Structures are given as C-alpha cells and as structure tokens.
2 protein chains.
Amino acid sequence: MVKIIVQKFGGTSVADGEGRARAIERILAAKAEGYQPVVVVSAMGRKGAPYATDTLISLVKEINPEVNPRELDLLISCGEIISTVVMAHTLNSMGHPAIALTGGQAGIKTDANFGNAQILEVDPMPILRQVMEDKIVVVAGFQGIAPDGSITTLGRGGSDTTATALGAALQAEVVEIYTDVDGVMTVDPRVEPEAKILEEISYREVCEMAYQGAKVIHPRAVEVAMSRQVPIRIKNTFSDAKGTLISQSAAERVITGIAHLTGLSQVRVLSSRDGQQNWQLVRVKLFRVLAEKGISVDVISVLPDGVYFTVSQADGFKACQYLHEAGFACELVENCAKVSVIGAGMQGVPGVMAEIMETLYSAGIDILQTSDSDITISFLVPESQLKEAVHVLHRKLGW
Amino acid sequence: MVKIIVQKFGGTSVADGEGRARAIERILAAKAEGYQPVVVVSAMGRKGAPYATDTLISLVKEINPEVNPRELDLLISCGEIISTVVMAHTLNSMGHPAIALTGGQAGIKTDANFGNAQILEVDPMPILRQVMEDKIVVVAGFQGIAPDGSITTLGRGGSDTTATALGAALQAEVVEIYTDVDGVMTVDPRVEPEAKILEEISYREVCEMAYQGAKVIHPRAVEVAMSRQVPIRIKNTFSDAKGTLISQSAAERVITGIAHLTGLSQVRVLSSRDGQQNWQLVRVKLFRVLAEKGISVDVISVLPDGVYFTVSQADGFKACQYLHEAGFACELVENCAKVSVIGAGMQGVPGVMAEIMETLYSAGIDILQTSDSDITISFLVPESQLKEAVHVLHRKLGW
C-alpha cells in the first residue's frame with residue numbers, strides 16, 4: 001500500500017544550499033522508511049532575497065503601492081514556483097527523480113478571493129499520477145488556481161494550508177511542517193526561558209494557541225487537517241528534535257500552554273446616565289460605531305455599568321475619538337498584553353481559575369480584565385508585567 | 001469594429017522605468033489611434049538582472065548543469081510573468097485598465113517539447129474577453145501550456161512568436177515588434193557603417209535574412225504571421241524611426257540585403273580512389289558519420305572529385321577526426337565566414353551572380369565556396385576578408 005507523507009519546508013529551510021541539504025535529508029529519510037514524500041515549499045529566504053515574497057511585492061509597490069490583487073498574486077506565485085524548481089532540480093541532481101508542480105498543476109482549486117483565497121477542492125490525481133511513477137512531488141505552497149484560471153494565493157501562512165490540504169486530499173499518513181524551531185512550546189521561549197517543547201497537542205489546542213498569539217501554525221491549516229483527521233508533526237529542519245505531534249487523540253492535559261499577544265489597548269466605556277437613551281441600546285450602538293469604522297475588538301466584557309474591550313494599540317486613540325463623537329464617555333489604557341492559558345482539560349476542573357488568580361496576585365500582577373472560553377482563560381495585564389506574569393504562571397502550572 | 005494591435009517589447013524595453021515609460025507611450029499612442037493593444041513582454045533586462053532568463057537559469061545550473069527541461073521551463077516562465085505584472089501594474093497605476101496573463105491563461109497551447117515548444121493552437125477567447133472590457137492585455141511572451149498543464153517555453157526568440165501567433169489568432173491589424181534598433185537593415189551596421197534601414201521587406205526575405213545570420217526576428221515568428229497574412233512592423237522603442245514593415249506584398253527588389261555568419265570551418269573531403277568502394281556510396285556514408293555524431297553541416301557542395309561543406313568552428317576538428325577514423329582524406333580550413341546576398345527579385349534576373357563574382361574578385365576576396373537557393377546567393381570567404389567583402393558588395397549592389 002502506498003503510504004504518503006507530506007513535508008512542508010518554510011523559507012529558511014529552502015533559502016540556501018545548506019537548508020536544502022537538511023530538507024533533502026528529511027525527504028530521503030521518509031523515503032527510506034517506505035513513505036512516498038510530497039514536498040511543499042515556500043519562497044526562498046526572507047526579506048531582501050531576490051525571490052522572497054516581500055522583494056517581489058516591492059517590485060510593483062515602489063511603482064505604485066495600490067496593486068491589483070489579481071496581478072499581485074500572479075507576481076507573488078513566482079516566488080514559490082522558483083523554489084519548487086530549485087528543490088526538484090536538486091533532488092534530480094542527486095539521482096532522486098522529482099517533479100515540480102505549481103499549486104494549480106497540483107490540483108489546488110480555490111475561490112477568486114485574491115490574496116486570501118480559500119481552497120475549494122483538491123484534485124488528488126495530478127499528484128497521485130506522479131507518485132505512482134515513484135517521483136518525489138515538489139509543490140509550490142501558498143497558491144492555487146481560481147475557476148477562471150487566474151493564480152491565487154492563500155494569504156500569510158498559506159504554505160501550511162497547502163500542506164495540510166494536500167495531506168487531507170491524499171489521505172497522507174502524516175503532514176510534517178518543518179520550521180526553524182523544535183516544535184510547539186509551552187510558552188514563547190523569548191519571554192520565558194523555561195519554555196518546554198510539547199510532545200503532543202490536540203488540533204483545537206494548537207488552534208487556540210495560535211489564535212491567542214503563539215506563532216506555530218496557522219489555524220486554517222490545522223482545521224483542514226482536522227477535518228480529515230490527518231496528524232501534523234511540527235519539526236525543526238536544522239535539529240533532530242522529535243518535534244510536536246498535533247492530532248485529535250493527543251492526550252489533553254489540564255493546561256497545555258501559555259500564549260500571549262502584545263500591542264493592545266484597553267478601552268473602557270462607562271455608563272452615562274444623563275441621556276434619555278436606554279444604556280442597553282447604547283451599548284449595542286457602541287459596537288456598531290466601531291464596526292462601521294473597521295475597528296476590530298477583542299476581550300469584550302459587557303457589564304451593567306460599563307463596557308470593556310481591547311483594540312490594537314494602533315486603533316486605540318481613533319476608537320476613543322469615534323466613541324467620544326458618538327457621545328460616549330471613554331477611557332483608554334495603552335500598552336496592554338493579553339496572556340492566555342490554554343488547556344482542553346481545564347473544562348470542569350475546579351480551581352484552575354482560582355489558582356491562576358492567586359498566582360498572579362502573589363506576584364503583584366495588575367489584572368485589568370479577564371475572559372474565558374471553553375479551553376482558554378485570558379488575562380489582560382500591563383505590558384510591563386507580561387514577562388513576570390508568564391513566568392509565574394508557567395512555573396506554577398506545572399512545567 | 002474592434003481593431004487589434006499586438007505590440008511586443010523585448011528585454012531592454014521593459015528592464016527599467018525609463019524603458020517602460022517609452023513602451024507605454026507606444027501603447028497609448030496605439031490606443032489613441034483607435035487600436036485595442038495586446039502587449040507581449042519579455043523578461044526584464046539582460047544578464048545579471050535578478051529576473052532575467054539567464055539569471056533564473058543560473059539558479060539551478062550552478063547546483064547541477066543538467067536540468068530537467070520541464071522544470072527549467074517552469075522556472076524560466078517566471079521571468080516573463082514578473083515582467084507582465086510590472087507592466088500591467090504600471091499601466092493600471094496611470095489609469096489605463098490592464099490585466100496580466102501568463103501564456104497559458106492567454107490561450108497559447110503548445111506541444112510538450114520543453115525548451116523549444118511549438119504552438120499548436122491559440123484560443124483567442126481569453127484575450128478577446130478582456131479586450132471587450134476595454135482592458136489592455138499584457139501577455140507573458142515566450143511561453144505556453146502543454147496538454148498536461150505543464151508550462152512550456154518556445155525557445156530563444158520565442159516572444160516574437162508569441163506576438164505573431166496572437167496577431168494571427170486575434171486577426172490583428174498589425175504586430176509591432178519593439179526592439180533597440182531602428183528596423184531591419186540592409187546589412188549588419190557593425191560590419192558595414194553604410195548600412196541602411198529597409199522600409200519594407202517580404203516575409204520570405206526577412207526569414208532568409210534571419211536564417212543567414214541577420215539578428216532581426218526569428219523565422220518561426222515570421223512564418224506564423226505569414227500563414228495569416230498579418231503584417232509585422234519592427235520598430236525601436238527608443239526612437240521615432242518609422243521602422244520596417246514586413247508583409248506579403250512588400251515590393252521585392254532584386255537585392256534586399258546582405259547577411260553574414262562567422263565562426264565557420266570549411267571541411268574538404270577529397271575522393272580517394274584507393275579502395276574497392278564506390279565513391280558515390282562513400283559520399284553518402286560521409287554524411288551518415290557526421291549525423292551520428294550530431295554534427296550539423298551547411299553550405300554543402302557535392303562534386304565529382306570531392307565534397308565541401310561547413311561546420312561550426314567548434315565542430316571542425318572533431319568532424320575531421322571522425323572522418324579520418326572512417327577512412328576519409330579530409331582537410332580543414334578554419335576561420336571562415338559566410339556572406340549571403342538576399343533578394344526575392346533576383347530569380348531570373350540575369351547577371352546578378354556575375355556582378356557579385358566580379359565585385360568580389362576586383363576586391364581581392366578569396367571565394368572558398370558558393371551556394372545558392374531561390375532568393376539567396378552565399379559565399380564562403382576567409383573571416384579576415386568578411387568586412388571588405390560585405391563593404392564592396394553593399395556599395396556595388398546599390399545602397
């Protein structure tokens with residue numbers, strides 16, 4: 001029986017001969033284990049490299065920053081295409097038959113929402129035909145083809161989605177996402193040196209971690225894998241660490257990890273009882289005002305005497321200005337950070353909230369607001385206290 | 001009625017903002033005259049530029065010079081795609097609605113002969129749909145799509161073929177080929193300073209000029225235009241010269257121009273009557289020996305006592321070696337040049353050959369061999385005498 005493995009390599013893994021050599025070791029190791037590798041690659045390198053996405057974008061943006069999204073996608077798609085050819089050629093040169101396919105050639109069909117296209121369907125046949133000829137298939141990540149034949153891109157993080165969508169369509173045994181970190185960490189190691197690698201994590205936990213600010217894998221990519229129950233493994237191209245396995249059946253701990261987001265402002269709108277208007281109605285109007293101005297809100301607490309929420313630091317002042325103009329009394333607290341404790345097992349486990357509150361209180365952390373969903377408890381704290389908050393929680397919660 | 005004009009711009013015309021500005025002047029001038037422009041572009045710039053064809057090729061060739069032709073085509077195609085996006089974007093930015101199309105998106109269907117694909121069919125609908133919306137269509141030159149969806153390239157000079165194939169399929173009024181010279185010249189101006197621009201030339205004359213070494217337009221591109229009688233105009237992006245019109249009905253002069261090829265060696269195989277073999281048969285074997293070694297021959301004179309032909313200088317020594325091994329007595333004359341006098345009107349005009357011979361003799365030119373076809377008379381001369389031979393002929397033949 002044909003066992004397919006999808007292996008996705010990011011920009012740093014394909015930027016130079018050194019990275020490609022490491023990537024190819026991984027590909028050949030999979031082949032030696034009896035897998036048929038389907039390889040997904042990002043564009044080569046990062047800022048400044050001639051075929052990196054940002055460099056291609058600057059080619060047109062320096063002429064005029066307003067670029068037609070259809071043409072921009074066509075341009076950007078070349079970055080990944082060049083990368084596939086270089087990778088396939090390197091494999092061929094080493095005597096391992098390989099073929100490079102664009103997203104469209106690989107059967108990835110999307111809508112025409114340029115710059116952020118959704119995959120509508122993956123036709124597995126183009127890749128399977130090559131796999132049956134024992135070829136290593138190298139697919140350009142981050143791209144697909146719209147119904148009218150235009151080239152589309154899937155938005156940032158899109159190569160991961162390419163990988164998991166192929167994994168699902170090809171019924172792969174596993175999708176390996178190669179990056180430059182050893183796996184999904186319990187917490188951002190730049191904030192907390194005691195961060196540990198998670199051996200496994202469930203689909204919904206990793207989605208929540210990403211949503212709450214952890215830079216691991218795009219939630220969209222995880223959802224696609226989840227829909228067909230394809231396990232994902234996050235690995236480091238440059239180390240032999242075992243990495244993190246993402247699957248449905250991952251043992252769910254009470255607490256899995258801590259994520260954070262910085263650059264937030266808290267907006268506090270207090271009830272003004274001076275008008276004839278009903279406060280209930282006014283509160284609704286408040287969100288309408290912000291929506292019409294295109295301002296996104298998060299960590300929302302609607303209370304009898306006031307409404308609290310966060311906006312990005314960049315939107316903070318504008319948000320208050322619009323609300324003032326609309327007749328609201330509003331205060332702005334800048335430089336906030338959101339710390340989120342994530343664990344699918346915390347539901348119904350008594351005392352988690354208590355323990356977190358006590359821990360933060362003991363450390364003198366100023367809790368500005370809280371919010372919780374089924375597997376997450378979030379705290380808004382002053383950004384100056386972020387590191388300390390993460391540290392005491394990480395230590396207390398058992399890593 | 002919709003009048004379509006196809007305008008093709010080469011590498012130097014799209015390499016930088018200056019070139020693009022000139023190109024766009026030409027496009028807008030055509031629009032102002034009531035044409036719907038369909039623009040074909042080459043890759044940006046020449047050697048060394050990051051998106052030039054040669055630079056893309058070196059990306060993989062420096063890993064291993066043996067590149068799979070399918071992957072090489074996919075890689076190269078990005079050069080023209082990037083160029084289309086930059087051009088379409090520049091037009092859009094100036095308020096002229098434009099759309100960029102890859103060769104495949106533009107309906108150019110080829111065989112799967114990678115690196116040198118033949119256009120099998122052009123579906124005019126994708127471009128016409130855009131033209132009907134009054135868009136300037138910018139098409140990536142030099143590429144198409146194979147029946148299996150692979151990207152192909154049309155070989156060197158292929159962007160000209162893209163332009164004329166589109167001209168034919170769209171029933172364009174004219175195909176304009178923009179380059180960095182003022183038109184088709186009577187002779188290479190680097191060899192003969194008195195070279196003049198030809199106002200018009202017939203399809204078959206320009207094909208013969210190109211075949212005999214003049215760097216004007218690829219014969220394949222001309223043949224495609226000829227099949228549907230689409231006139232071609234060769235113009236200079238950077239000057240207002242009228243250029244050269246290529247068409248069926250161009251008045252055919254007795255002599256149209258002089259072309260030349262350098263870097264040739266003459267091989268002289270003399271009859272050896274020492275064997276039992278028949279010389280007639282041996283002469284056949286001679287060409288078989290060379291064919292099996294992949295050596296191309298030109299200017300062939302098969303005579304009772306010997307066989308004369310030319311090969312490229314690079315093949316000269318090898319050719320003689322193979323022939324020696326096969327038992328032939330053979331001499332090599334290196335550093336030869338072929339001068340060809342082309343004119344569709346010379347057929348049946350008495351005295352042309354006489355005039356040429358006399359002219360060359362008077363100038364002391366050593367004629368090593370001659371050959372002639374319906375519209376061409378060629379002379380093999382020592383390369384050291386090329387300039388003088390061209391000069392006296394050019395002056396004598398009436399320019």
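Domain bounds here come from an automatic or database domain assignment. Keep in mind that this is a predicted model.

**Exercise 1. Find the domains of chain A and say how far apart their centres lie.**

Step 1: Start with the bounds. Chain A splits into domain 1 (3-250) and domain 2 (258-396).

Step 2: Now take the centres over C-alpha atoms. Domain 1 of chain A and domain 2 of chain A have centres separated by 34 Å.

Step 3: Check who touches whom. On one side, 17 residues of domain 1 of chain A are in contact, and they meet 21 residues of domain 2 of chain A.

**Exercise 2. Describe what holds the stage between the two domains: area, charges and polar pairs.**

Step 1: Begin with area. The size of an interface is often given as the accessible area lost when the parts come together. Between domain 1 of chain A and domain 2 of chain A, about 1,600 Å² is buried, with 52% of it from carbon and sulfur atoms.

Step 2: Pick out the big contributors. V191(A), R204(A) and Q212(A) lose the most area on the domain 1 side of chain A, together 37% of what that side buries.

Step 3: Look for charge pairs. Side chains of opposite charge can pair when their charged atoms come close. The count between domain 1 of chain A and domain 2 of chain A is one salt bridge. To test a pair yourself, use the cut-off of 4 Å from nitrogen to oxygen. E194(A) and R395(A) pass, since their side chains meet in a salt bridge at 2.2 Å, N to O.

Step 4: Add the polar contacts and the residue classes. Nine residue pairs are in polar contact between the two domains of chain A, both residues at pLDDT 80 or more. The domain 1 side that touches domain 2 in chain A has six nonpolar, three polar and eight charged residues.

**Exercise 3. Work out what the contact between chain A and chain B is made of.**

Step 1: Count residues. Chain A puts in 37 residues and chain B puts in 37 residues.

Step 2: Get the area. The two chains, A and B, bury about 2,800 Å² between them, and 70% of that is on carbon and sulfur atoms.

Step 3: Tally the pairs. Between chain A and chain B there are zero salt bridges, but 16 residue pairs are in polar contact, both at pLDDT 80 or more.

Step 4: Trace the elements. In chain A, α3 (53-61), α4 (69-93) and β3 (98-101) each supply at least two residues of the side touching chain B. The most comes from α4(A), with 15 residues.

Step 5: Sort by class. That side of chain A has 21 nonpolar, 12 polar and four charged residues.

**Exercise 4. Decide why chain A counts as compact.**

Step 1: Note the build. Chain A has 12 helices and 18 strands.

Step 2: Compare with the rule. Chain A has a radius of gyration of 24 Å, close to the 21 Å that the globule rule gives for 399 residues, so chain A is as compact as a globular protein of that length.

Step 3: Picture the box. Along the principal axes, the C-alpha atoms of chain A fill roughly 75 × 50 × 35 Å.

**Exercise 5. In chain B, follow two aspartates to their partners.**

Step 1: Take D160(B). Its side chain meets that of K8(B) in a salt bridge of 2.9 Å, N to O. D160(B) sits in helix α6 (residues 158-169) and K8(B) in strand β1 (residues 3-9), so to speak distant parts of the chain, 152 residues apart.Step 2: Move to D111(B). You'll find D111(B) in the loop between β4 (108-110) and β5 (119-122) of chain B.

Step 3: List contacts of D111(B), skipping neighbours within four places in sequence. Among them are A117(B), L120(B), A146(B) and T152(B). D111(B) and A146(B) are 35 residues apart in sequence, yet 5.3 Å apart in space, C-alpha to C-alpha.

Step 4: Finish with the side chain. A polar atom of the D111(B) side chain lies 3.1 Å from the backbone nitrogen of N113(B).

Terms used: Residues numbered from 1 in each chain as written. Chains lettered and ligands numbered in written order. Heavy atoms only, no water. Contact = heavy atoms within 4.5 Å. Buried area = accessible area lost by both parts, 1.4 Å probe. Polar contact = N/O pair within 3.5 Å; in protein donor to acceptor, adjacent residues only side chain to side chain. Helix = DSSP H or I, 4+ residues; strand = E, 2+ residues; numbered from the N terminus. Nonpolar A, V, L, I, M, F, W, Y, C, P; charged D, E, K, R; others polar. Rg over C-alpha atoms; globule rule 2.2 N^0.38 Å.
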